[in-house]
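This dialogue concerns the reading of secondary structure, packing and chain contacts in a model. Please keep the sequence and the coordinates in view.

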Amino acid sequence: MSNNVDQMQRVTAGYRQLVRKRAAIVLLLSVACLGAFLLDLVIGPSQVSAVESISAIWNGIFSPATLDPSVSVIIWEVRLPHAIMALLVGAALALAGAEMQTILNNPLASPFTLGVSSAATLGAALAIVLGLGIPGVSSNWVISANAFVFAFASVLLLQGMARLRGTGAETLVLLGIALVFTLNALVGLLQFVAAEQSLQQLVFWGMGSLARSNWDKIQVLSIILLAVVPFSMSSSWKMTALRMGDDRARSFGVNVGRVRFLSLLRVSILAAAAVAFVGTVGFIGLVGPHIARMLIGEDHRFLLPASMLTGALVMSLSSVASKMIVPGVMIPIGIVTSLIGVPVFFALILRKREAV
Amino acid sequence: MSDSSKVISRDSVLKVEGISASYGKKSIIDNLTLTPIRPGIVTALVGPNAAGKSTLLRSIAGLIPITGKLTLGDSDLARMSHVERAKHITFMPQSMPQGISLSVFEVILSALKASPMGFSRSDEELHDHVTKVLDRIGIVDIGLRPLNELSGGQRQMVSLAQVVARDPHVLLLDEPTSALDLKHQVKVMSLVHSLAQEGRAVVVVLHDLSLASRWAENVVVIDGGKVVAEGSPESAITPKLLADVYGVEARIERCGAGRINVIVDSAIS
């Protein structure tokens, strides 16, 4: 009996240690994010050194008058917004991906794989090529607003499909793929009829780039994240329970339909906002949650923040890479994330095959 | 242990009256009524494949829409919210899904944290509670192991631990012994029996009739969505019933202590 008591104490202590370890991993990821962010700030095509960059930020906050105007513009209007936007977009996409994967019970679910990005591109294309937009939206925001509305609609469509009786997780992914192809064809059609200048604009939009970042967009995306994250966190235990199947979760008192609906609502807002501001950024929403899950497991109290941090980290590092691959040129970040993401995607599919 | 007994007292009886359930247009159970299910005893739900056993259990658990009346004590279960109902009734599905990156401890803790349970405990108390349940089920040694690395039988024990941890008045267990070896079958059934003796109503779907007659005081035989026999194992399970319902030629042997053994000779073609 005393042996059992020993063992019981070991298990309780072991669990508490596990929790501390997970909190430590979240902390480490935050530090890594900060590191990547600083790196992202000091690297760029213009010859502003690391020391100059840091002091430009310092002076910009404490004594703006002393700032060299050319350095000030580079740091305050280019690098800082880009670097912050990279973190925010990475966090938003990865949180959306993590929630989608749990709620749809599908490891391959993400805003990119289920057509949310493609829908946003179609919305943007309508604005760019045909000048179609939501009435009353100012011309600065019309592309983003269109992208948002289309992305949001695509998630609602998926949600409607998911609610149909007998629609399993596999069906949903197939629907998502069908959606991607259909939307891409429509975008192709618009590209075909587009004038040369709008074609160029559209192609760049589709690539996904941080170059569109500005302080207004940062403000909007920050507010969205701050508003959504508390709701995600407050349903983290319910989502953990949901991982063990609908019946089980419901029998534990989880209103599964409600949890799923509210989560997909959050996903729509996060994914649509992120894509609307920077265009198509593939695979962050897929890869971020997977890396986080490998690091930290599926207790959603830790998985959700870890996914956000991993997404932000990968995005920030991709931003650094996008400036370093070709010296003096900033490659659109969507290209970089896809190049990194595709091999990871394949690895995940192969790993899943083995597990079955 | 639980304060939720304010509404549902420990001697509350579960009544299933005239319930029907269907998947789409296909009727699975039709106007089914059971003798009131008393707490303190184990009720075994047996019957051939596709008889509607799991559907009946899921109906009682509130997982599928039904018509008819379900009451626990004086309370109409249909009028309860998800959270309220889950305080009194917990359902254990047949299988625990694979590919989940959680430790056994977390799996059980999540069953407690998923919804308020009518009593508040600090995290420390919950952790101690989880460990006690692990010990009671006899799986404290795998408490920190990842669910992914466990065998089917071990996962089934973890699944049972989730239900036991919630300490409900009514336990609905769908084939809790299907993946277990002989020793663990006996361990689980004796645990199920003692859970009932502590004053809970336990309904358990079983395929093994000998196991059902050994551990259950009450046996309900279902075929084609209807109750075909009900009562003590000795009265419910007869050679005629086995021929009618299962289509097998079988003998019933009485062993010591009033237990019966079912010996199947052949299938009736």
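The turns below take up one chain, then a sheet and a helix of the other, and finally the contact between the two.

Q: What kind of model is this, and how are its parts labelled?
A: This is a predicted model, in which local features need pLDDT of at least 70, side-chain atom pairs count only at pLDDT 80 or more, and totals for chains, interfaces and linings use all residues. Residues are numbered from 1 along each chain as its sequence is written, while chains are lettered from A and ligands numbered from 1 in the order in which they are written.

Q: How many helices and strands are there in chain A?
A: Helices (H or I, at least four residues) and strands (E, at least two) are DSSP runs, numbered from the N terminus. Chain A has 14 helices and zero strands.

Q: What radius of gyration does chain A have, and what would a compact globule have?
A: The radius of gyration is taken over C-alpha atoms, and the globule rule is 2.2 Å times the number of residues to the power 0.38. For 356 residues the rule gives a value near 21 Å, and chain A agrees with 22 Å. Its C-alpha trace spans about 75 × 50 × 40 Å along the principal axes.

Q: Which residues count as buried, and what share of chain A do they make up?
A: A residue is buried if 20 or more other C-beta atoms, placed from the backbone, lie within 10 Å of its own; it is exposed if 12 or fewer do, and partly exposed in between. In chain A, 49% of the 356 residues are buried.

Q: What is the strand order of the open sheet in chain B?
A: Two strands pair if DSSP finds at least two bridges between them. The open sheet has six strands in the order β6-β7-β8-β3-β9-β10 (chain B), with mixed pairing. Its edge strands are β6 (89–92) and β10 (226–231) of chain B, each pairing on one side only.

Q: How does strand β9 of chain B join β3(B) and β10(B)?
A: Strand β9(B), residues 218–223, runs antiparallel to β10(B) and is joined to it by five bridges. Here V220(B) stands opposite E230(B), and D223(B) has K226(B) as its bridge partner. Two residues lie between the strands of this hairpin, where G224(B) takes a positive phi near 55°. Four bridges join β9(B) to β3(B), residues 42–46, and these strands run parallel; T43(B) stands opposite N218(B). Strand β9(B) is largely enclosed by the rest of the structure, because five of its six residues are buried.

Q: Where does helix α5 of chain B lie, and at what angle to β6(B)?
A: Axes are lines fitted to C-alpha atoms, for helices over the stretch in contact, and angles run from 0 to 180 degrees between N-to-C directions. Helix α5(B), residues 152–166, lies across β6 and β7 (170–174) of chain B, at about 175° to β6(B). Of its 15 residues 12 are buried, so α5(B) is largely enclosed by the rest of the structure. Just after α5(B), D167(B) takes a positive phi of about 50°.

Q: How many residues of chain A are in contact with chain B?
A: Two residues are in contact if their C-beta atoms, placed from the backbone, lie within 7 Å. By this rule 29 residues of chain A are in contact with 34 residues of chain B. On the side of chain A that touches chain B, α1(A) gives the most, with eight residues.
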